[in-house]
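Here are some comments on the cysteines and the internal cavities of this model, set out point by point for someone working at the bench. The cavities come first, and the cysteines follow.

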Amino acid sequence: MLSAFDIFKIGIGPSSSHTVGPMRAAQQFASSLERDGLLAATAHVRCELFGSLGATGAGHATDQGVILGLFGDTPDAVDPASVQPRLTALRKSGQLLLLGRHAIAFDRVRDIPFLGEESMPEHPNAMRFTASAADGSTLAQRCYFSVGGGFVVEGGAHPDAVPEVARDWPWAFRTGDELMAQTRASGLSVAQLMMANECAWRPEAKVRAGLLRIWAVMQQCVQRGFGIDNPMATAPLPGPLRMRRRAPDLHRELIAHQGAADPLAAMDWVNAFAMAVNEENAAGGRVVTAPTNGAAGVVPAVMHYYTRFVPTASDDGIVDFLLTAAAIGMLYKANASISGAEVGCQGEVGVACSMAAGALAAVMGGTPAQVENAAEIGMEHNLGLTCDPVGGMVQIPCVERNAMGAVKAINAARMALRGDGSHYVSLDAVIQTMKQTGEDMKSTYKETSLGGLAVNVVEC
């Protein structure tokens, strides 16, 4: 069993699997050198990036994530504004301070090779770290796999291994059917059941405070994406596409036309919320994996829809929303994948849509059966969604795709709430179908930028 705080993690952009995961792996490797008494003897560190990390890592700032991790930074604590100045200083000095205190010679191009043509059988997002002494002898070598959503597994453990220590949860579940059975047996909602489980780790007050902090970071991300107190929002997004941010203009236009008779204005706001998050993510800003960075805009956009357009919205509803969404995300993590490199974007935006749909149905008064129905609808109509980022960057089609996923989630929730919860396709069935579809999908459509839009749009 995972925690809601495993599904929702504070980090930085542009990618959870390609930036956050490598940062965590690098920090773990550097810490292992210190733990094993090898830090002082280390003169050189090399990180080889394989598979999808090698193929699209340059556009996803994977090398940047590795360097930050070697510095000793963690995704939730690193200051995004400090990143580029420190990278510039590293380039000029040619010296990297491992864990912030042990200097080694380091060259970004030489010491982080992108090996996209080579893969490891365990997972497409693989990296191998090697520490060497001054005489060139190997001191330590470890492999890590970034398995989606910022989760990292060290070589020797199964890529689906749960990183947390197993706990005795009062209402444990692994499948959607088990989750529904637990709600029937307990009389609890999905959120209430999740809260009881979370309290196996920490007191309820801390769970609530932590979830509201997650929501605060999401709100700050939207504000920065709108250009509020963020002068960088006027600059194009990083990379050769020089893509212009659209969320600030859309926000200004919506503010200017508030009160106008437009029955679809709510949809424009949802688009703006989602695009603001994903443009901020593409710029390397502070975001929350939900369940990944590439899909980070869907859940916050639907939560903003809830607080702006649902009269009964409250902080209690926000907590219930995140707990319900996390329960649904856990089902995908346990039984399929949330890695675009493994199953395509159906595992990222598709899962986020499913999470947001079920959660919105819950806070709008839905029964557990209606919640499960909404989550199923949200994924059923994202099956087969490919991951084909142009230029290997989380920009095209990712920014707009999050907006589409958010709108689809709201519609899925509304459809489920118009029914009584009964439906032909179960959430478990659609999760298994998503997994099978991902396995059948060609690797060119799984975050390699070797197919789809990535090869049919000219980069300029």
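1. The largest cavity has a volume of about 150 Å³, and the residues closest to its centre, out of the 19 that line it, are Gly294, Glu348, Cys387, Val394 and Cys398. Please keep in mind that this is a predicted model.

2. Helix H2 (16-35) and helix H17 (398-417) each contribute at least two residues to the lining of the largest cavity. Sorted by class, that lining is made up of eight nonpolar, seven polar and four charged residues.

3. The search of the whole structure finds two cavities of 30 Å³ or more, and the second largest has a volume of about 40 Å³. Its lining consists of Leu179, Met180, Val190, Ile328, Val371, Glu372, Ala375 and Leu427, which divide into seven nonpolar, no polar and one charged residue.

4. For the second largest cavity, helix H7 (176-186) and helix H16 (368-380) each supply at least two lining residues, and the largest share, three residues, comes from H16.

5. Turning to the cysteines, a search of the whole structure finds zero disulfides. Cys345 is in no disulfide, and the nearest cysteine sulfur, that of Cys387, lies 5.6 Å away, whereas a disulfide requires the two sulfur atoms to be within 2.5 Å. Cys345 is buried, with a relative accessible area of 8%.

6. Cys221 is likewise in no disulfide, the nearest cysteine sulfur being that of Cys398, 15 Å away. With a relative accessibility of 3%, Cys221 counts as buried, because buried means under 20% relative accessible area.

How values were computed:
Residues are numbered from 1 along each chain as its sequence is written. This is a predicted model: local features need pLDDT of at least 70, side-chain atom pairs count only at pLDDT 80 or more; totals for chains, interfaces and linings use all residues. Side-chain values use heavy atoms; hydrogens and water are left out. Buried means under 20% relative accessible area, exposed over 50%, partly exposed in between (1.4 Å probe, protein chains only). On a 1 Å grid over the protein atoms alone, a cavity is a set of points where a 1.4 Å probe fits but cannot get out, and a pocket is an open set with protein on both sides within 12 Å along at least five of seven lines; lining residues have an atom within 4 Å of a point. Grid points are joined across faces, edges and corners, and a volume is the space filled by probe spheres set on the points. Helices (H or I, at least four residues) and strands (E, at least two) are DSSP runs, numbered from the N terminus. Ala, Val, Leu, Ile, Met, Phe, Trp, Tyr, Cys and Pro count as nonpolar, Asp, Glu, Lys and Arg as charged, and the others, Gly among them, as polar.
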